[in-house]
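Subject: Structure for your records

Hello,

Here is the structure we talked about. Please look it over before reading the notes below it.

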There are 2 protein chains.
Amino acid sequence: MNSLDDNDGSVTADDVAAAAGVSRWTVARAFKKDASISRKSRERVIAAAEALGYAPDLLASGLASDRSGLVAIITNDFNNPHKLVLLERLTRILWAKGWATLLMHMSDSDDASAALLAASQRRVDAAVLIGTRFNDAVLNTALGARRVKKLVIFARYSQNPGTLTIACDDVIAMRDIADHLLEKGYRRPVFLAGPDTQSAKLHRKSTFTAYWQERTGTPVPTLHADAYDSGASIARVTRFLAGQSPDRRPDVMVCENDIIAIGAIDAMRCHLGLRVPQDIAVTGFDDIPLAASPAYLLTTYRQPITAMTEKLLEVLEGKVTHDVHLPGRLVLRATT
Amino acid sequence: MNSLDDNDGSVTADDVAAAAGVSRWTVARAFKKDASISRKSRERVIAAAEALGYAPDLLASGLASDRSGLVAIITNDFNNPHKLVLLERLTRILWAKGWATLLMHMSDSDDASAALLAASQRRVDAAVLIGTRFNDAVLNTALGARRVKKLVIFARYSQNPGTLTIACDDVIAMRDIADHLLEKGYRRPVFLAGPDTQSAKLHRKSTFTAYWQERTGTPVPTLHADAYDSGASIARVTRFLAGQSPDRRPDVMVCENDIIAIGAIDAMRCHLGLRVPQDIAVTGFDDIPLAASPAYLLTTYRQPITAMTEKLLEVLEGKVTHDVHLPGRLVLRATT
DNA sequence: ATTATAGTTGCACGCGCGTGCAAGACGCGG
DNA sequence: CCGCGTCTTGCACGCGCGTGCAACTATAAT
């Protein structure tokens, strides 16, 4: 094995420069999009780089330029399949634009600070929070000591100053759902939400109940599951409906998201012997893959994840510096 | 705001050194576990670091030491909820030991090379492949040009040389499943696997069919879904069972993983009017959360993900350099 | 041919920290 | 008091690349 072959990944710009007969900086320019470099040298550099198998070291590049090209994705909710959809979209679209994603788990017990600190130690250009249960108050203290350049709350509401929100427009969404239910003739909804213990605003709940009251003059009872997973939802719904006489029963259960809606349906069918939608209708939110399965055919609301991710790109590039709320789409299936 | 307050994340070891009245290298030693440093200086440094809000820059550290502390997790399968379980476990356990995880999407069309190249540009210490559908042949060429220090195939079989496999022991697993089915009196199984188009070895399928033939003397018919998702599974199972007379019907469908098993159940119940397990039993693999829901109660096989992840840690630390196969556990529920 | 202009190239310095070595400080027995 | 071993500390150099500026070359206009 001669010395030209054993490029064990340690081919630097200097090597390419030597091979192409130019300086190291010309090599860098050849890889930069609109740098001032002649076509001839660029071609020569590219050819040499290809021959040597050179690829810029993004770690060194990040250190020198103070732009790591890294985005931390922080979540505390791995129970919801919707997170998988978010992760897929985020990593794929960000990667296509040259961003790498650092996936971080933020445990419930300790606050977001630990995750944000770890992210800052990697010099991330931005941190994206896609958890559902982080506490706004705690987040504030984390922000106080923050070193992360940009902090984006993704697919969730937050009025936190110093934070950017990119989310589906819950107001439009919940109105669409309410309008649909009213049109279908439903009159006694119950809203099933996630945990009530955090300071996190339960935006969908308040929006729906306010709008329903505005249109019908009647208030909407609400339930809270202990967690954002189907098990907690099953338990709560079973407890709520068990022994309730059919005439006092709600005619539709509006759920804060799909995984909770799925749990509600499971409770109704498997534990209470109720039919969906004949006995009770159900709506969800997110449009996770399971919602489309023939076993559920859940009427739900699809968030515009791709559009949201593209907005995130603009935030990363500094083109957008304000909150973004995008409309989604009501997906009608068989549970209403 | 005085100059002590505006430490906008740019507190370096030099600042701490000045504040503590020592040299920068003593600061570094204070943060290193068993470095030769006196208790007194360490305490002084730690105090100064805390006061200034100092945290080592892992990017610079990685550049200097050639150990980035980064692990790339590469997958091409975001349709299977099991991936979410894997991601949760991997990120959480690796992070607890100081490793950060880079999540990368490896599209089906282009090979693994692009992802591995991107990973190497970030100087990852290892790349972990948790996809289900990557092509072994293509992987070989990617390995040829590789710069990634370690490549681990996680939760999947691969005989690729130069690669380390950490997986559940499929041989034990499929035998356990077969033994269980035989004991329950099932005699006409069908094996439902994922796509057959790649060169990837369908290890569970061959192991099950071989063992079943060995024990009963009868071969096992096999089916292949077009993809590892429930939609493809539903389509394949519906096509297979439609119009089949009850006496020629298999009495149990053994599935390569849970998401395919769920699809099979959906097809049987929703499209064919069959009952599970009365008309056909079903087994899965992975024990995804959905398998435990009352709507399915799927008998399945749980991979020892935590133990596998801990083995991965040992691989990262260089303690383990050979393939690892760990036994899982059969989880009996209501579909058999 | 001369000068202005744009286009192109090279370079010193720095990003923050690790490594290996050499120098200094300290304690102990002789 | 000296000499020795051990513990502790400081430092030169490098990791690979970006930035801003200065120098240089080619092209066009005078």
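The notes below cover the model, its confidence and its DNA contacts.

This is a predicted model, in which local features need pLDDT of at least 70, side-chain atom pairs count only at pLDDT 80 or more, and totals for chains, interfaces and linings use all residues. Residues are numbered from 1 along each chain as its sequence is written, chains are lettered from A and ligands numbered from 1 in the order in which they are written, and side-chain values use heavy atoms, with hydrogens and water left out.

Confidence. pLDDT is the predictor's confidence in each residue, from 0 to 100. Chain A averages 90, and 91% of its residues score at least 70. Residues 1-7 of chain A stay under 50, and the model gives them three contacts (heavy atoms within 4.5 Å) beyond four places in sequence. Where pLDDT is low, the predicted coordinates should not be read in detail.

Annotation. An unreviewed UniProt entry lists residues 11-65 of chain A as "domain: HTH lacI-type"; such annotations may be inferred rather than shown by experiment. That span is 69% helix and 0% strand (DSSP runs: H or I of at least four residues for helices, E of at least two for strands). Its end C-alpha atoms lie 20 Å apart.

DNA strand D. There are 26 residues around strand D (near means a heavy atom within 4 Å), and Ala13(A), Tyr54(A), Ser23(B), Thr26(B) and Ser41(B) come nearest. Of the strand D atoms within 4 Å of the protein, 60% are sugar and phosphate. α4(A) gives the most to this surface, with four residues. Two side chains approach phosphate oxygens of strand D: a polar atom of Arg67(A) at 2.8 Å and an N or O atom of Ser23(B) at 2.7 Å. A backbone N or O atom of Ala60(A) lies 3.5 Å from a base nitrogen.

DNA strand C. The residues around strand C number 26, with Ser23(A), Thr26(A), Arg29(A), Ser41(A) and Tyr54(B) coming nearest. Sugar or phosphate makes up 58% of the strand C atoms within 4 Å of the protein, and bases the rest. Here α4(B) supplies the largest share of the surface, four residues. An N or O atom in the side chain of Trp25(A) is 2.9 Å from a base nitrogen, and a backbone N or O atom of Ala60(B) is 3.5 Å from a base nitrogen. Arg67(B) has a polar side-chain atom 2.8 Å from a phosphate oxygen of strand C.

Regards

Terms used
A polar contact is a pair of N or O atoms within 3.5 Å; within protein, one must be able to donate a hydrogen and the other to accept it, and residues adjacent in sequence count only if both atoms are side-chain atoms.
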